[in-house]
Amino acid sequence: MASLSKTSQWQALSAHRDEISAVHMRDLFDREPERFKNFSLELDGLLFDYSKNPVTGQTLSLLVDLARTAGLEGWRERMFAGEAINTTENRAALHPALRNRSGKPFTVAGKDVMSEINRELDNIRAFTVSVRSGIWKGANGQPICDIVNIGIGGSDLGPGMACQALAHYGKAGLDCHFVSNVDGAHLDGVLARLNPQTTLFIIASKTFTTHETMLNANSARDWIVTSLGEDAVEKHFVAVSTNREKVAEFGISASNIFGFWDWVGGRYSIWSAIGLSLATYIGMDKFEDFLAGAEAMDNHFIQAPLERNMPVMLGLIGIWNNNFLGASSLAILPYSQALARFPAYLQQLEMESNGKAVARDGTALDGHCVPTLFGEPGTNGQHAFMQAIHQAERLIPVDFIVVAEAHENVLTPHQHFQHQQVLVANAFAQSEALMRGKTAREVRSELEAQGLCGSELEKLLPHKVFPGNRPSNTILLERLEPRTLGMLIALYEHKTFVQGIIWGINSFDQWGVELGKHLAAEILPELSSDAASHNHNSSTNALIERFKAYHRDNSSHRT
Ligand code: F6P
């Protein structure tokens, strides 16, 4: 966005915002009976309704002009052509190649990468069949019942979120667990429930150097070796990484390594072997459906005109709410317990991709970019933070993600339908309430009808007014299944790309995570050193000393 805000398209949007700011969304709906039809898009069981945003047709066409001015179409071509659009690391960002099932070539630096991708998919398929059928046996000859994925960030959030979302498709008798946190309580809590003889670890790390993952992996390895012996490692550990050397150093044999490539960013890697836990859990055919869903979204993103293009519209609506209406956060509210981890997944996708201070050319950005994402499944959020979204001064746009059909398990179909109706009624009610609000006049007549009058009524009235005119999108999935989940994730991936292009950001690096990693490596030896810490500020030095003092006084429990 370094200079985009100076363009005539940006200025036109600012002027337009001033012109329409007094118009309430209620009036927009009243004036335009076809508003839903005009401001919604549909693709294979996924409906995207963006009509409950304070926009007019003119707003959207000005936003599309802005996208064109930012060169969105050219950048989209460059991404799909495998150009090194991640300029600070000189890498392509070619995750769409991972879900290309059409047979068309995808190239990086002039080389078609599809044969390598397909070979890796074959390896994944063979592994999933072997584990699921019980051919793969643990060291003592027992089949695998529990898979533990050890990874963090992109090597955890995607498969973890998706395994929970698609649990209905998971193989009975096979459980997937995800350990990411270096807090020993995470690994400990998972291992406490497992039998080493029937547990298989997937160590997922693009770099195979991430400290948290390596420590968790080593502790898991000790757990296996202690109970089954050193030779058991081969039967109980596989790795997913681009760093074969480091995996070999860890002691995992070459035949147990699933690879991917440096042109796959961590937060875009669920489509690669990083999805191994998911593929094993739901089976390879279902994993292929998942890839096909994402491919359908890729094709839509490439082919649909910008004005009827879902990721483009989702991105542009976000730009409008952020940059022109001043929102600085975004609530992701899946009305689906199965999608409980989707907000966390999107936090990494959007905030690690676009949470930057400088544009691609290194110049400072002249406005705020990525919003703060947060969220919880509905209806829980309604009893926690929705109050602020309805009435607090600051604008907090919402993405509602709603699933029409529930999966049945223990409850009867009738019970499920009952629950689903209540759930969905709440989702639709929230978006309507945010849009309409409740005027002082409506509150007054409601209170009068309840028999209130005079000062009692006047005192209560302002508390019960809802301003409304609060933006929300609704994404309605017919069913939560591998294909629609693939579409949903790809929709947000491309939305993130669209916004990055408009803000002028390289969405595919993450230098902002380095300083903390570096300092942690510096502080670590200080925590066990006898010498007092003087290397930091007074706060950090004092905290280090307090930690050491605590452990000096309580050292007996470690021996
Ligand atoms: O948080 C920084 C990061 O590099 C993420 O981008 C990545 O998903 C995560 O760490 C894990 O990295 P790796 O897969 O290399 O262990």
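## Helices around the largest pocket

In this predicted model, three helices each give at least two residues to the lining of the largest pocket: H10 (211-228), H16 (342-354) and H22 (514-526). Helix H22 supplies the largest share of that lining, with 6 residues.

## Size and centre of the largest pocket

The volume of the largest pocket is about 1100 Å³. Its lining is made up of 43 residues, and those closest to the centre are Ile 152, Thr 207, Thr 210, Val 513 and Lys 517.

By residue class, the lining of the largest pocket holds 16 nonpolar, 18 polar and 9 charged residues.

## The second largest pocket

The second largest pocket encloses about 580 Å³ of space. It is lined by 24 residues, of which Gln 337, Ala 338, Ala 406, His 407 and His 416 are the closest to its centre. Two or more lining residues come from each of helix H8 (157-165), strand E12 (398-405) and helix H18 (413-436). Among the contributors to this lining, H18 has the largest share, 4 residues.

The lining of the second largest pocket consists of 10 nonpolar, 12 polar and 2 charged residues.

## Domains at the second largest pocket

Two domains take part in the lining of the second largest pocket, each with at least three residues. One is domain 1, which is assigned in three segments, 4-69, 304-436 and 470-508, and the other is domain 2, spanning 107-287.

Technical notes: Residues are numbered from 1 along each chain as its sequence is written. This is a predicted model: local features need pLDDT of at least 70, side-chain atom pairs count only at pLDDT 80 or more; totals for chains, interfaces and linings use all residues. Side-chain values use heavy atoms; hydrogens and water are left out. On a 1 Å grid over the protein atoms alone, a cavity is a set of points where a 1.4 Å probe fits but cannot get out, and a pocket is an open set with protein on both sides within 12 Å along at least five of seven lines; lining residues have an atom within 4 Å of a point. Grid points are joined across faces, edges and corners, and a volume is the space filled by probe spheres set on the points. Ala, Val, Leu, Ile, Met, Phe, Trp, Tyr, Cys and Pro count as nonpolar, Asp, Glu, Lys and Arg as charged, and the others, Gly among them, as polar. Domain bounds come from an automatic or database domain assignment.
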